[in-house]
Structure formats: C-alpha cells, structure tokens
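Notebook open, model loaded. I want to go through the fold, the surface and the side-chain contacts in turn.

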Amino acid sequence: MAGHRDEWDEIPDSDLHETIIERIEGLGEMFPDSLRSLVHSTAAWSSWGVKGLFSLTKSTIWIVSTTSLIAFLPYIIEKERSDLEKTQVAQQRQMLLGPSAAIQQAKTA
C-alpha cells in the first residue's frame, strides 16, 4: 500500500484549504465512537440544562417582580397621598397662622 497514491496526493499542500469544521471533524475521527457519543450526549444534556435553568430563572424573576409590584404599589400610593396631605395641611397652617406656627407643628408631629 506504500506505493498506492490517490488524487489528493497529486495536489500540492499549499492548495489544500481546510475549514475549522472540517479540521475538527477530522480530529474527532481519532477517538472511538463511544467517547464521541459520550461527549455529544454530555454537551446535549448541558445545553438542555442551561436552557432550562435560564427559563426557570426568567420565570422566577417575572413572578417575583410582578407580585412585589402588585403587593407594594398600594402602600406606596397611600404613603405619597398621606405625605402630600400633610404638606398641604402645613401650608394651610402657615398661611393662616404664620411661619412660626408651621415650624411649631412640624416639631410636634
């Protein structure tokens, strides 16, 4: 078989261009089928796990953020309304009784 030559032997090495995918496939043929199968299944399971974890994380963040928004929004609105009401009462008191009454009221509140 040493004297057997095929058409690839006639082409100079400088004219042969190999893509990265072709090179990886060629290198992969060095390993037994069982090892290639194991690596392929490990990569497939890892990909599936990462996608599943990403989906779970995304859903969890959505549920937590919307639930907290629904739970705390009424409290925030009521607090703002209460603060606005206190500010308006202080302004009315200042207009009626002068600046010193508003300061006095703020100290006691």
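Before I look at any side chain, a note on wording: a residue is exposed when its relative accessible area is over 50%, buried when under 20%, and partly exposed in between. I also keep in mind that this is a predicted model.

**Entry 1: confidence**

I looked up the confidence before anything else. The mean pLDDT of the protein is 85, and 86% of the residues reach at least 70. Which element has the lowest mean pLDDT, and which the highest? Helix α4 (residues 99–108) comes out lowest with 67, and α3 comes out highest with 93.

**Entry 2: fold and surface totals**

I then listed the secondary structure. I get 4 helices and 0 strands, and reading along the sequence gives me α-α-α-α. Helix α3 covers residues 33–97.

How much of the protein is buried? I find that buried residues make up 4% of the 109 residues. The exposed area is about 10,300 Å², with 65% of it supplied by carbon and sulfur atoms.

**Entry 3: the tryptophans**

I searched for aromatic pairs and the structure holds 1. The two rings are those of Trp45 and Trp48, with centres 5.4 Å apart and planes at 80°, so I log the pair as edge-to-face. The cut-off behind that call is an angle over 60 degrees. Both residues sit in helix α3, 3 residues apart, which is about one turn of the helix.

Are these two tryptophans buried or exposed? Both Trp45 and Trp48 are exposed, so by the cut-off each has over 50% relative accessible area.

**Entry 4: a nonpolar patch**

Next I went over the surface for nonpolar side chains. I found a patch of about 580 Å² made by Leu27, Met30, Phe31, Leu35, Leu38 and Val39. Helix α3 gives the largest share of this patch, 3 residues. I picked out Leu35 for a check: this leucine lies in helix α3 and counts as partly exposed, at 36% relative accessibility.

**Entry 5: salt bridges**

How many salt bridges does a search of the whole structure find? The search gives me 4, and I wrote up several of them.

I began with Glu78 and Arg81, which form a salt bridge with the closest N and O atoms 2.6 Å apart. Both lie in helix α3, 3 residues apart, about one turn of the helix. Glu78 is partly exposed, with a relative accessible area of 40%. Arg81 is also partly exposed, at 44%.

Arg81 turns up again with Glu85, in a salt bridge whose closest N and O atoms are 3.2 Å apart. What separates these two along the chain? They are 4 residues apart in helix α3, so about one helical turn lies between them. Glu85 counts as partly exposed at 44% relative accessibility. Taking the two bridges together, I note that Glu78, Arg81 and Glu85 are linked in a network of salt bridges.

I also looked at Asp83 and Lys79, whose side chains meet in a salt bridge at 3.5 Å, N to O. That distance qualifies because the cut-off is within 4 Å. Asp83 and Lys79 are 4 residues apart in helix α3, about one helical turn. Both fall in the partly exposed class: Asp83 has 31% relative accessibility, and Lys79 has a relative accessible area of 41%.

**Entry 6: recap**

For my own summary, helix α3 holds the Trp45 and Trp48 rings and has the highest mean pLDDT among the elements. Leu35 of the nonpolar patch is in that helix too, as are Glu78 and Arg81.

Notes: Residues numbered from 1 in each chain as written. Heavy atoms only, no water. Buried < 20%, exposed > 50% of the residue type's maximum accessible area, 1.4 Å probe, protein only. Patch = residues over 30% accessible without salt bridge, like charges linked within 9 Å, V, L, I, M, F, W, Y side chains within 5 Å. Areas by Shrake-Rupley, 256 points an atom, 1.4 Å probe, with all protein chains shown as cover. pLDDT = per-residue confidence, 0-100. Phe/Tyr/Trp six-rings, centres within 6.5 Å; stacked < 30°, edge-to-face > 60°.
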